[in-house]
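Thank you all for coming, and please keep the sequence and the structure open while I talk, so that you can find each part as I name it.

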Amino acid sequence: MRQLITGFLLLLASMSMGASTIHQNISVSKFSALDQFPSSSVQRILQDREGYLWFGTLDGLCRYDAYRVLVFRSDTKNPNLLTSNEITCIAEDMDSNIWIGTRNGINILDKKTYQIKQLDMPDFKNLHIKSMLVASDSTVWIAADNRLYRYNTKLQEAEPISTRDSKLPITGINSLYEDKFGDIWITFWGGGLHKYTKKGEVIHYPKIGNNNNPFTIYQDNQHQYWVGTWGEGVYQFYPHQTPSAMYVPQKVMNWDGSESEDTFYSILQDDTNGYIWLMTFSGVYALRRTENNEIKQVDISHLFKGTNNIFSELVKDQSGDLWIAAFGEGAFTINFDKSQISDIKLQQINNRLGLIPNITSIYQDGEGTLWFNQNRYGLCLYHPESKEFLTYKEISTLRDRDGLKYVSSICGIRNSKDVWLGHYNQPEIYVVNKQGKQIVIKERYDLRHNYPNAGNIREIFEDSKNNVWIVTTNNVYIKPQNRTQIELVDINMYAISSITEDVQGKIWLGTENSGIYKVEMEVLANGKIKYDIKNYNKEKTQLSSNKVTTIYADTKSQVWFGTSEGAVYVFDQETQKLENYTQRIRLANEAVQNIVEDNSNNIWVTTNKRVIEYNPQNGASRDYSQADGLCVSSFSKNSLYYNRKTDVLFLGGNKGINMFAASLEASKPHKAKNVVIADIKISGKSIINNSLNTESKDLGATLQVEANDKNIEIDFSSLDYRYPSKILYAYKMEGIDDDWVYTDRQFATYNQLNKGLNTFMVKATDENKLWTSDITNYAIYKKPAFYETWWAYLIYTLLILLAIYTALVITKNRLTLKNRLKIAQIEKEKSEELTQVKLKYFTNISHDFLTPLTIISCLIDDLEMGLKNRSPQFGIMRINVDRLKRLLQQVLDFRKVESGNMKLKIAQGDLSSFIEDICLNNFTPLAQKKKIKFTFKSIPQQIELTLMPIK
């Protein structure tokens, strides 16, 4: 055991390197969208001028916008899209066309319409395209098998360089490269190195190595050339030196140092550290130039652990990061600016204790040793550099202390090597001290000796005056400096959750149900301590909750505290104002567990699942979770320690410990983000990746959509490949959205657009959640339906005018008819009135006629009675007088007919006698006067007839 302790202390002595690994600003991450690729093997990578990344795989071309992948390949629906799905090289010309070299010819993708066409020239058909280069003069250099061409994009003519210059070797071409002077370098398989100058001269360089097989060439920022060969290592190349001094070999050792690398096929230099990165047959290596201009190899072996190291190309993007094309693993990114995050997974806990790491409290001493409590086991010590791990049971002076099984709080005392350990289930405290080569228990406090209801230890805190405060479940205690006893702080507070001290030396306490307390301590002349206490709660202030889970006083006289409901408040002691910072920090209904300030004045807020870094000076914020590569998915409350000497934050939880370094600097310039419209989908179909469409659509101009197009999805991206998940977006469609829509999604959907011109606006934040002032505007013109076109409206106008005219004509006709009817009615009424007058007149006349006729009839009767001989004329006279009476009576009966009072009365009669009577009585006198013999005969003599008798 003594040897074990000695070894552990030697481990502590080496801890001066502490957390140095976290300050290395280089990290490697695997490409996250590989599942969207048609093949896991990537041969070539290109970033175009717009910012899209293009990946040439063994089974198609892919475009990546940091979120989505568009795949271009020949398939059963479109077998002739590409001449071959195996992509061998990619280039972009000055017109932003993407040149796609394959094993079987060249294809050109027009980025305006995303239509692909073959380079229809006999020289390139069915050729294996080895390399392509777009030179600064806009020409495209093409290496196909053992042929070299220079293609003029304006004239669309290809000039065969290899046949024109007979001095060029007839062999396979490895690579093409343009240096900073505009000269073209060509490496031939077994044919050496050659340069084609801007003036058109061809320079052949001496043999390199024994095999004369240069595979790649690169010029660094000091204009130094590097040549990687196949099988004979890498060389620094000095073109203007003598042949003997022209090539200087540079040895690159493999990871275990057993042998040097001999095959190099990709070289470039990063912009951050100036390292020369070399891709070999067995992996990636880096060289750096010292101040003495010496070349040293950089140990980056830890970056590629877990990869198969079978790579094909190194590419640098616009942000300065490196991309690695890999076989079987897609691609990797070498990042030089990612937040400094690393983890300690503590595999020793699983291997030796059979437990999953679950850290509930943590502390790092001055020698770099991590002290932490493993849940359900107890105190453990770990050295991050040497990976040495000890449990308290393996330390002879600690193994018998059962109180170390449940350590709730670990607090190191400044200017000493004392470490205070609090018991989770008992009011016990152990003060552990390193004395020489031994770790001993210096003191043990049991609060129950003086305070039976002391409660269990929850937090131990040392203030600026070296007083040690102990927070328990029931009370608050203090061990004043230079005193040996722990005293009860009689402030009548319970359920205290957290403690801190401000720059003025005041103590702040957060409680689970009473808000926060400010405690000012004064030592009186008699040695007693006087406490002045002030309470802040939701009843007295703008607090929304009294359930304070954590509290922290920063260096600017501000007190930060979080609640169990997920709110963060800041109390400014100078202005006495309380502000809610929940939205600024972008908390989302998560209980706050810890708050701490780092040396850069950034505020760190932790919840159970997330860690948020916030810069109060410029409002920048960044959050971290397991999606960002953290090994911990559930952080423990109080399992936080910030080492101000090393500027490293330790956070423990399940699965280990995560370490963070500050990344949000107020002095960093704001990063503008120009958002691009990556794609538009109509009813779920992409308009740029639907190669079967005969009608191409131009994303760069105003997009026209049909009248019946619905469910329009607009995909956008800031093309940020470092922190795509950290970018927030805001979009707005004029005429549809009343205000900006803020979201972390990368698309917007609209079921319907207004007809005519619609302007879509989108903006983004940088990775620190700071909004850019740049707004991308995109116009979408929705065609009107046939019933909404100008000619339709013309027809509608004509129809309306016709309808108005028809209505006017009909109205006019109706008015005319109405007037005529009115006149006819008037005429009818007048006619009836006239008729009534006539009838009345005739009635009156009839009455006047009847009176004389009656008198005449009476006179006839008198004459007939006075004469002895009756004359037949009297009978005729009487008959005609009666007939005249009947006629007059009929005139009177006509009024009865009109009034409806005339009733029809019929009877049976003889038609023959009726006619005979008329003839004899009416016509006989006339016949006699005219001396006409008038007779009437009827055959038959009687004819029955139904008639109305006349009175």
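I will go through two sets of paired strands, and please bear in mind throughout that this is a predicted model.

Let me begin with strand β60, which covers residues 712-717 and is mostly covered, with 5 of its 6 residues buried. When I say buried here, I mean that a residue has under 20% relative accessible area.

Which strands pair with β60? One of them is strand β57, made of residues 676-682, which pairs with β60 in the antiparallel sense over 6 bridges, and if you look along this pairing you will find V676 standing opposite S717 of β60. Another is strand β63, residues 747-750, which runs antiparallel to β60 and is joined to it by 4 bridges; in this pairing, I714 stands opposite A748 of β63.

As a general point for reading any such picture, the side chains of a regular strand alternate between the two faces of the sheet.

Now please move to another part of the chain, where 4 strands form an open sheet in the order β14-β15-β16-β17, with antiparallel pairing. Why do β14, residues 173-178, and β17, residues 202-204, each have one side without a neighbour in the sheet? They stand at its edges, and each has a single partner strand, so one side of each is left open in this sense. From one strand to the next, the twist averages 20°.

To finish at one of those edges, β14 pairs with strand β15, residues 184-188, in the antiparallel sense over 5 bridges, and there Y177 stands opposite W185 of β15.

Methods. Residues numbered from 1 in each chain as written. Predicted model: local features only at pLDDT ≥ 70, side-chain atom pairs only at ≥ 80, totals over all residues. Heavy atoms only, no water. Buried < 20%, exposed > 50% of the residue type's maximum accessible area, 1.4 Å probe, protein only. Helix = DSSP H or I, 4+ residues; strand = E, 2+ residues; numbered from the N terminus. Pairing = 2+ DSSP bridges. Axes fitted to C-alpha atoms, helices over the stretch in contact; angles between N-to-C directions.
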